[in-house]
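Here are my comments on the model you sent round. I went through the charged pairs, one sheet and a couple of loop residues.

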Amino acid sequence: MKASDVKKGNVVEHDGTVYQVRDIERSSPSARGGNVTFRFTLYSIPGGRKFDLSLRADDELREMDLVRRAANFSYMDGDAFVFMDAEDYTQYLLSPELVGDNAGYIVEGIEGYYVQVIDDAPVGLQVPTSVVLTVVDTAPEMKGSSATKRNKPARLNTGIEVQVPEYISNDEKVWVNTLTGEFAGRA
């Protein structure tokens, strides 16, 4: 497809790497006969590394077909995460590199995970915006120490650490926002 036809959200290939288009800036030269230039802000799939690309309107980009498949976490196979497609029960083996920072938000029994697939190969994982995790280690509440709201660190069952209010104790279930990595309330 021509650079002028690319829209936000499209998945394209450039120099052997697959990217998702997040932003497009169009610049028209003031002189006659000047070429219109498109500046794309791209993020690699997988990995999410930012890449800026400038192309003329007639330059070609190869559009890729990215499919999002609803999946549920099944089990760990060594270091790899195994997800099962919610519709046809296909199993996807996702490497720790592919999962990246989302590893701390993967637990059994939660819906809302999507495996991103290109040509039947998993290339990314999309997690729900919030998940319920269990506090496994945090300091006890100090009674009457302060009238102001204070936070304390808490380690959760997936290994991640978040700041929680003082009233949260061990073995409590809490909501964690996966976009910010912050405490979002009791579950």
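The points below take the salt bridges, then the sheet, then two loop positions.

1. First, a reminder: this is a predicted model, so please read every distance here as computed from predicted coordinates. Over the whole structure, the search turns up seven salt bridges. I pick out some of them below.

2. Start with Glu 60 and Lys 2, whose side chains form a salt bridge at 3.7 Å from N to O. The cut-off is 4 Å, so this pair counts as a salt bridge. Glu 60 sits in the loop between strand S4 (50-56) and strand S5 (62-63), while Lys 2 belongs to the segment before strand S1 (11-14). The two are 58 residues apart, and the pair links distant parts of the chain. As for solvent, Glu 60 is exposed at 53% relative accessibility, whereas Lys 2 is partly exposed at 34%. Since exposed means over 50%, Glu 60 earns that label with its 53%.

3. Next comes the bridge between Arg 62 and Glu 13, with 2.4 Å between the closest N and O atoms. Arg 62 is in strand S5 and Glu 13 in strand S1, so this pair ties together parts 49 residues apart in sequence. Both ends are partly exposed: Arg 62 has 48% relative accessibility, and Glu 13 has a relative accessible area of 22%.

4. That pair also shows up in the sheet. Where does Glu 13 stand relative to S5? It is opposite Arg 62. Strands S1 and S5 pair in the antiparallel sense, over two bridges. The wider picture is an open sheet of five strands, ordered S4-S3-S2-S1-S5, with antiparallel pairing. S4 and S5 are the edge strands, each pairing on one side only. So Arg 62, being in S5, belongs to an edge strand.

5. Further along the chain, the side chains of Glu 172 and Arg 186 meet in a salt bridge, 2.7 Å from N to O. Glu 172 is in the loop between strand S13 (161-165) and strand S14 (173-177) and Arg 186 is in strand S15 (residues 182-186), so the bridge ties together parts 14 residues apart in sequence. Is Glu 172 buried or exposed? It counts as buried, at 17% relative accessibility, because the label applies under 20%. Arg 186 is partly exposed at 47%.

6. Not every charged group here is a simple pair to list: Arg 69, Asp 85, Glu 87 and Asp 88 are linked in a network of salt bridges. In general terms, side chains of opposite charge can pair when their charged atoms come close.

7. Asp 171 is in the loop between S13 and S14. It is exposed, with a relative accessible area of 64%. Leaving aside residues up to four places away in sequence, Asp 171 touches Thr 134 and Val 135. Its C-alpha atom is separated by 24 Å from that of Tyr 113, 58 residues away along the chain.

8. Last, Thr 178 lies in the loop between S14 and S15. This one is buried, at 10% relative accessibility. Sequence neighbours up to four places away aside, Thr 178 touches Tyr 105, Val 127, Pro 128, Thr 129, Ser 130 and Val 131. From Arg 39, Thr 178 is 139 residues away in sequence and 30 Å away in space, C-alpha to C-alpha.

Notes: Residues numbered from 1 in each chain as written. Predicted model: local features only at pLDDT ≥ 70, side-chain atom pairs only at ≥ 80, totals over all residues. Heavy atoms only, no water. Helix = DSSP H or I, 4+ residues; strand = E, 2+ residues; numbered from the N terminus. Buried < 20%, exposed > 50% of the residue type's maximum accessible area, 1.4 Å probe, protein only. Contact = heavy atoms within 4.5 Å. Pairing = 2+ DSSP bridges.
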